[in-house]
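User: Hi! I am new to this structure and would like to go through it step by step. Could you show it to me, and then take my questions one at a time?

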Amino acid sequence: MKLKIATWNINSIRLRENLVLEFLTRESPDVLCLQECKSPVEFIPTEGFRSIGYPLMLARGQKGYNGVVILSRLPIEPVEHRNFCGKGDARHVAGRLSNGITIHNVYVPSGGDVPDPKVNDKFAHKLQFLDEMQEWFESRPPVKSILVGDLNIAPLEDDVWSHRALLKVVSHTPIEVERLESVQNAGNWSDITRLHNPSGKLYSWWSYRARDWSASDRGRRLDHIWATEELAGCSLSSSIQRQVRGWEKPSDHVPVVATFEIN
């Protein structure tokens, strides 16, 4: 069977419910993982999702910020979520499909504006979060798993519009890139999008500040799909849905999609 999974920082699921419905209708992923849903779980709109064939939802929510959701049209059971940095933030939710594949949906802290943990608590939080992810995967190596989400780091030179200009900008600093690489290595994760698109510029986020986001094209690849070795070898394709950034009242992120052939 083929498994199609998508990840998207929606920047308010209640505000952009119509965009989620549009994407689900057009692309028909089996599983859609959303981040920055900004809603308590009880206020997440589910009726529309059920009506188009997505009756199952795993979610952790908070009022006004954070929040992670897994929508599925396949049977899925909850897996114990992680609480990072002792904050209780809704930044991780996980589920296991009937074929044994575990899906982790993660929203890494953005880190604020100053890339110095000594003067910026938000950046210190981000680095601690990454350290705890690394420790988690070292202590419990993932098997038959897919990790998706807004990891808030663009690791490669071609994942940003200008490597030189962004070296001291949060999301592309060397310390963040190194920490993300350590997380990836700890779980023996493969970057599925780059596996299928190894060269060339790739972005999944464009700032709202740009008057014309497409013309300036100052993007970053902050959203990722990773898979463990046995699933990476079964991956067929991965793409970034750039056109969604041009939809009416969009998120500043766009969906990333990957397809796997599961035996």
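**A walk through the model**

User: Let's start with Asn-11: is Asn-11 buried or exposed?
Analyst: Happy to help, and please keep in mind that this is a predicted model. Buried means under 20% relative accessible area. Asn-11 has a relative accessible area of 11%, so Asn-11 counts as buried.

User: Where is Asn-11 placed, and which side chain does a polar contact of 3.2 Å join to that of Asn-11?
Analyst: Asn-11 sits in the loop between β1 (2-9) and α1 (17-27). Leaving out residues up to four places away in sequence, Asn-11 touches several residues, including Arg-16, Gln-35, Ser-251 and Asp-252. The side chain that the 3.2 Å polar contact joins to Asn-11 is that of Tyr-208.

User: What is the phi of Ser-12?
Analyst: Ser-12 is in the loop between β1 and α1, and Ser-12 is buried at 13% relative accessible area. Most residues other than glycine have a negative phi. Ser-12 is not a glycine, yet its phi is positive, at about 100°.

User: Which loop holds Ser-171, and what is the phi of Ser-171?
Analyst: Ser-171 is found in the loop between α4 (163-166) and α5 (174-186). Ser-171 is buried, with a relative accessible area of 4%. Although Ser-171 is not a glycine, it has a positive phi of about 110°.

User: What is the order of the strands in the open sheet of 6 strands?
Analyst: The pairing in this open sheet is mixed. Its edge strands, each pairing on one side only, are β3 (56-60) and β13 (235-240). From one strand to the next, the twist averages 10°. The full order is β3-β4-β2-β1-β14-β13.

User: In which sense do β3 and β4 pair, and which residue in β4 is the bridge partner of Ala-59?
Analyst: Strands of a sheet can pair either parallel or antiparallel. β3 and β4 (residues 68-72) pair in the antiparallel sense, over 5 bridges. In β4, the bridge partner of Ala-59 is Val-69.

User: At what angle does α1 run to β1?
Analyst: Helix α1 lies across β1, β2 (31-35), β4 and β14 (256-261). Relative to β1, α1 runs at about 155°.

User: How many residues are in the largest nonpolar core?
Analyst: In soluble globular proteins, nonpolar side chains tend to be buried together. Among the members of the largest core that touch the most other members are Trp-8, Val-20 and Leu-32. Leu-32, for one, touches residues including Phe-23, Val-69 and Leu-71. The number of residues in this core is 49.

User: How many residues apart in sequence are the parts tied together by Arg-73 and Asp-30?
Analyst: Arg-73 and Asp-30 form a salt bridge, their closest N and O atoms being 3.1 Å apart. Arg-73 lies in the loop between β4 and β5 (76-79), while Asp-30 lies in the loop between α1 and β2. The pair therefore ties together parts whose separation in sequence is 43 residues.

User: Which residues do salt bridges that share partners join into one network?
Analyst: One salt bridge to look at is that of Asp-191 with Arg-221, with the closest N and O atoms 2.8 Å apart. Asp-191 lies in strand β9 (residues 190-191) and Arg-221 in the loop between β11 (219-220) and β12 (223-227), so the pair ties together parts 30 residues apart in sequence. Asp-191 and Arg-221 are both buried. The network joins Asp-159, Asp-191, Arg-194 and Arg-221.

How values were computed
Residues numbered from 1 in each chain as written. Predicted model: local features only at pLDDT ≥ 70, side-chain atom pairs only at ≥ 80, totals over all residues. Heavy atoms only, no water. Core = buried A, V, L, I, M, F, W, Y, C linked by side-chain atoms within 4.5 Å. Buried < 20%, exposed > 50% of the residue type's maximum accessible area, 1.4 Å probe, protein only. Contact = heavy atoms within 4.5 Å. Helix = DSSP H or I, 4+ residues; strand = E, 2+ residues; numbered from the N terminus. Polar contact = N/O pair within 3.5 Å; in protein donor to acceptor, adjacent residues only side chain to side chain. Pairing = 2+ DSSP bridges. Axes fitted to C-alpha atoms, helices over the stretch in contact; angles between N-to-C directions. Salt bridge = Lys/Arg side-chain N within 4 Å of Asp/Glu carboxyl O.
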